[in-house]
Amino acid sequence: MVSRNDRSFQVVDVQVGRIRPEPGLARQRDRGGHRELCRSIERFGVLTPITVRPASDGTGDYLLIKGQGRTLACRMLGVETIPALVVDEEYAENEKVQQFLVENVARLRMRPVDRALLIARARQSGEETADVARRFGVSAATVRRLEAQLDGASTSEVAALRTGKVNLTLHAVIARHVPSEERPDVVTAVAQYSVRPKDIEALFIGIGWRHLVDLGPDHRRQRLLLLTWACGILDGLPPGPPKERVRQVALALPLRFGGGDGSTLSLVAGR
């Protein structure tokens with residue numbers, strides 16, 4: 001809920017099928033830009049609410065004030081609902097509403113992951129770091145950190161973040177240690193277990209993950225198998241300091257263990 005001069009606005013999920021354009025709103029769209037918008041919504045979802053007002057004809061429909069592209073993209077993708085800022089008819093006619101929305105929509109109450117994705121997308125679209133920081137009320141350092149963390153994030157990574165299987169802090173640890181091309185598999189592996197970010201940080205350091213990555217793509221399956229096994233051990237250990245928990249993982253490390261496909265990984269050269 002946001003307010004200005006005793007007027008309040010609420011973001012709600014509106015049925016896409018109940019939205020129709022204001023008279024004269026429809027406009028031609030650049031096909032390339034629209035395809036990019038569809039890909040963005042398919043990957044991230046709708047992060048910036050559209051603006052609507054209730055129709056006055058008693059149908060229960062909404063008239064679209066701002067967000068034609070996002071609404072059309074949702075129709076094409078089969079998305080049933082879209083977040084919308086609902087304003088009244090009087091305020092919808094006030095030109096100041098647009099500036100108000102530009103200044104305040106980024107500060108609407110939203111989940112941290114959605115805010116982070118929106119910040120990263122703003123930078124990817126070319127908005128200056130200082131402008132993004134000012135609009136979202138965060139530091140420039142935070143903008144740069146989120147941009148680096150989410151740069152190249154795959155659809156599966158975003159899905160894991162949005163469903164809560166992996167939180168932003170845990171994803172940040174993974175992004176620091178794992179190259180983008182291997183991150184989807186690592187995120188999927190780690191998401192299977194209840195592991196703390198500080199434990200994963202200690203684990204990556206303890207097993208020398210960066211050195212394992214330097215071995216190249218031929219050993220990708222083996223390091224993923226090792227990480228999955230280690231996360232399973234961590235998940236079953238009692239609480240304690242990260243270094244001690246990783247030490248327990250090391251003590252449990254076998255010389256040979258198998259993967260789910262019947263293959264084995266040997267930690268002894270030549271075996």
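A salt bridge is counted here where a side-chain nitrogen of Lys or Arg lies within 4 Å of a carboxyl oxygen of Asp or Glu.

**Figure 1. A network of salt bridges in the predicted model.** The structure shown in every view is a predicted model. In this close-up, R18, R20, D57 and D61 are linked in a network of salt bridges. Side chains of opposite charge can pair when their charged atoms come close. A search of the whole structure finds 13 salt bridges; three further pairs appear in the views of helices α13 and α14 below.

**Figure 2. Overview of the protein.** The protein has 14 helices and eight strands. Of its 271 residues, 40% count as buried. The accessible surface comes to about 15,000 Å², and carbon and sulfur atoms hold 50% of that surface. Among the contacts in the protein with a separation of 6 or more, 68% are between residues 24 or more positions apart.

**Figure 3. Strand β4 and the strands paired with it.** Strand β4 spans residues 50–54. Four of its five residues are buried, so the strand is largely enclosed by the rest of the structure. Strand β5 (residues 62–66) runs antiparallel to β4 and is joined to it by four bridges. Strand β6 (residues 81–86) runs parallel to β4, with three bridges between the two. V52 of β4 can be followed to both partners: it stands opposite L64 in β5 and opposite V86 in β6.

**Figure 4. The salt bridge between R223 and E182.** The side chains of R223 and E182 meet at 2.5 Å, N to O. R223 lies in helix α13 (residues 220–236), and E182 lies in the loop between α9 (168–177) and α10 (183–190), so the pair ties together parts that are 41 residues apart in sequence. Both R223 and E182 are buried, that is, each has under 20% relative accessible area.

**Figure 5. The salt bridge between R220 and D185.** Helix α13 also contributes R220, whose partner D185 is in helix α10. The two side chains meet at 3.2 Å, N to O. This pair links distant parts of the chain, the two residues being 35 residues apart. R220 is partly exposed, with a relative accessible area of 29%. D185 is likewise partly exposed, at 35% relative accessibility.

**Figure 6. A salt bridge within helix α14.** R247 and E244 both belong to helix α14 (residues 242–252). They are three residues apart, about one turn of the helix. Their side chains form a salt bridge of 3.1 Å, N to O. Both ends of the bridge count as partly exposed: R247 has a relative accessibility of 42%, and E244 has a relative accessible area of 33%.

**Figure 7. Packing of helix α5 against helix α7.** Two packed helices are described by the angle between their axes and the distance between the axes. Here the axes of α5 (residues 112–124) and α7 (residues 140–150) come within 9 Å and cross at roughly 90 degrees. Angles of 65 to 115 degrees count as roughly perpendicular, so α5 is roughly perpendicular to α7. On the α5 side, the contact is made by A116, L117, I119, A120, R123 and Q124. The residues of α7 that take part are V143, L146, E147 and L150.

Terms used. Residues numbered from 1 in each chain as written. Predicted model: local features only at pLDDT ≥ 70, side-chain atom pairs only at ≥ 80, totals over all residues. Heavy atoms only, no water. Buried < 20%, exposed > 50% of the residue type's maximum accessible area, 1.4 Å probe, protein only. Pairing = 2+ DSSP bridges. Contact = heavy atoms within 4.5 Å. Areas by Shrake-Rupley, 256 points an atom, 1.4 Å probe, with all protein chains shown as cover. Axes fitted to C-alpha atoms, helices over the stretch in contact; angles between N-to-C directions. Parallel < 35°, antiparallel > 145°, perpendicular 65-115°, else oblique.
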